[in-house]
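Good morning, and thank you for coming. Please look at the sequence and the structure on the screen while I go through them.

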Amino acid sequence: MGEEILRMENITKIYPNGVMANKDVTLSVQKGEIHALMGENGAGKSTLMKILFGFESKDSGEIYFEGKKLETSSPAETIKQGIGMVHQHFMLVDSLKVYENIVLGMEPRKGPFTDGKKASQMVADMAKKYNLNVDPEAKVGTLSVGLKQKVEILKVLARGAKLLILDEPTAVLTPQETEELFEQLLLLKQHGHTIIFISHKIKEVRQICDNITVLRGGRTIGSMPVEGSTEEEISRFMVGRDVVLNVQKSAPAFGDKLLEIQHLNYWNDERRQKLKDVSFDLRRGQILGVAGVEGNGQNELAECIFGLKKPSSGKVLLNGKDLSPLGIKDIRASGVSYIPEDRISTGVAGSLSIWENLMSDRIDKPEFRRGGLLNLRQIREKCAKLIDAFTILCRNGDQAVSMLSGGNMQKVVVAREFSADPDLLIANQPTRGIDVGANEFIWKKLVALRDQGRGILLISADLNEVLELSDSILVMCDGEVAAYFPDSKAVTERELGLYMLGVKKQTAEERGALCEAAQ
Ligand SMILES: Nc1ncnc2c1ncn2[C@@H]1O[C@H](COP(=O)(O)OP(=O)(O)OP(=O)(O)O)[C@@H](O)[C@H]1O
């Protein structure tokens, strides 16, 4: 047994609305280990980490860090004690340089001024020490997601963090970037740092972590060493039943052309071209996966199809009809559903109830009206069925969505968009932050939709998901179609990564030949 660096003992947290998110939770982390914190959506992982980091207060329990009782009430105080958090949504200032972000609030001074040269050198030295290669002088706004994450890690290290909390750090990375991150985490471990790694990905946890603690329903289910444990054991531990995370799907039977994207170009408000002459078709009965590092035009593509953005030029045809002049409501009525990537800002209205969010697109339908009024009984019944079918963890449909855990918010969006019975579903990161049980459920639903002859445009940064589900794969890099594989089985994860990073790019002829061969 090593030396215990962190002990959270009998932590209980009841939110003001009465939800008991942590019940008597105990977590013990050894110095120098990588410790996975796992559990279903709503199990209480984020709450426990927010308490540790000083974002939330606990109702009872004790925290000991390096043998001393930790009594902090804000992240600023916690970081001074040596505990840092690397957030999933980066908290960086795009217009500042890398080193400026890293030293923000703790700048070395030269008289009354910041000593920029010294700060930049300090960051360069740190980057070298931890093999986190990033140019201290680069503007953060110009960096890739993988590099921004390095800046976040350096920021936490610069503040003296001995214990780092990483919240689903690989969700946005390519396989190559994930491998690189893992090497860096192992190096941090060699330097004596301790890491708490929140993840839903069992494969990754088994690759990098030493021990796992599993929460379920706000309680600690137990801890176990990774060595000697199987994937099945871990998922059973988390969900309480066996989960099969691979899809049984029959060979595709492509039907008519459903979606045609023709020479789509889009310039954003900063006059940057985010889509460059994008063209492709999607057929009925097809799952077309779009692989790409985040920020390479995938979101703009989805938003142009769904009417959230107006393309600068080009066409979007659904069943031969041009969607470009239509607004979102009419596009929905034409049979398009959309699971947006950013569920908090676009997917849900947090202050509204679960039922309002689930029903927002169909409240005008006769089945939910009685006279001129809403038929609340009917609405509540329908809602309860969706809550049940999609296992949304809540008290009832009247609860505000903002009170749900991240994964459960995502389930609200997914439930609404699936139940709209679309012809075309645009699913942008549909399982991000979702636990293994719900992941299995959503994958099955996507395949069932495809088997009913609908079309699915699946955008995902999770290459495993793209490869498991897609019939065909399109890779986007820098706003362009970098590659198109009519048969997803003809390409490996590693190869996709090379196209995603811009190392390789198909010519139009190569793409044409592949498509012809597949016909
Ligand atoms: N601000 C809040 N107010 C009320 N209840 C909340 C709040 N935040 C979370 N909860 C509830 O606390 C419980 C635990 O949520 P938490 O976010 O800690 O889960 P989690 O394990 O991190 O889930 P996920 O994997 O979905 O991120 C859930 O039932 C959730 O609805």
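With 519 residues, this chain would be expected to have a radius of gyration near 24 Å if it were a compact globule, and the value computed for it is 24 Å, so the two agree. Please bear in mind that this is a predicted model. Along the principal axes, the C-alpha atoms fill a box of roughly 65 × 55 × 50 Å. Of the 519 residues, 44% are buried. The chain contains 18 helices and 24 strands. If we take the contacts between residues at least 6 apart in sequence, 69% of them join residues that are at least 24 apart.

Let us turn to the domains. The protein chain is divided into domain 1, residues 4-239, and domain 2, which is made of 257-335 and 422-518. The C-alpha centres of domain 1 and domain 2 are 32 Å apart. Where they meet, 15 residues of domain 1 are in contact with 17 residues of domain 2. Which elements give two or more residues to the side of domain 1 that touches domain 2? They are α6 and α8, the latter covering residues 231-239. The most is given by α8, with three residues.

I shall now consider one strand, β10. Is strand β10, residues 194-198, enclosed or open? Five of its five residues are buried, and therefore β10 is largely enclosed by the rest of the structure. Both of its faces are covered: Thr194, Ile196 and Ile198 are buried on one side, and Ile195 and Phe197 are buried on the other.

Which strands pair with β10? One partner is β3, residues 34-39, which runs parallel to β10 and is joined to it by four bridges. In this pairing, Leu37 stands opposite Ile198. Another partner is β9, residues 163-167, also parallel to β10 and joined to it by five bridges. Here Asp167 stands opposite Ile198. To pass from β9 to β10, the chain goes through helix α6, residues 175-190, and this β-α-β crossover is right-handed.

The next topic is an open sheet. This sheet has four strands in the order β2-β1-β4-β5, and their pairing is antiparallel. Its edge strands are β2, residues 20-30, and β5, residues 68-69, each of which pairs on one side only. Between β1, residues 4-14, and β2 there are seven bridges in the antiparallel sense. Within that pair, Glu4 of β1 is opposite Gln30 of β2. Helix α1, residues 45-53, packs on the sheet and touches β1, β2 and β4, the last being residues 60-65. The direction of α1 makes about 115° with that of β1.

Finally, I should like to examine a single residue, Gly146, which is placed in helix α5, residues 145-158. Why does Gly146 count as partly exposed? A residue is called buried when 20 or more other C-beta atoms lie within 10 Å of its own. Gly146 has 19 C-beta neighbours inside 10 Å, and therefore counts as partly exposed. Apart from its neighbours within four places in sequence, Gly146 is in contact with Leu173 and Glu177. Gly146 and Pro169 are separated by 23 residues in sequence, while their C-alpha atoms are 9.7 Å apart in space.

That concludes my presentation, and I thank you for your attention.

Methods: Residues numbered from 1 in each chain as written. Predicted model: local features only at pLDDT ≥ 70, side-chain atom pairs only at ≥ 80, totals over all residues. Rg over C-alpha atoms; globule rule 2.2 N^0.38 Å. Buried ≥ 20, exposed ≤ 12 C-beta atoms within 10 Å, placed from the backbone. Contact = placed C-beta atoms within 7 Å. Pairing = 2+ DSSP bridges. Right-handed = clockwise from strand over helix to strand, strands pointing away. Axes fitted to C-alpha atoms, helices over the stretch in contact; angles between N-to-C directions. Domains from an automatic or database assignment.
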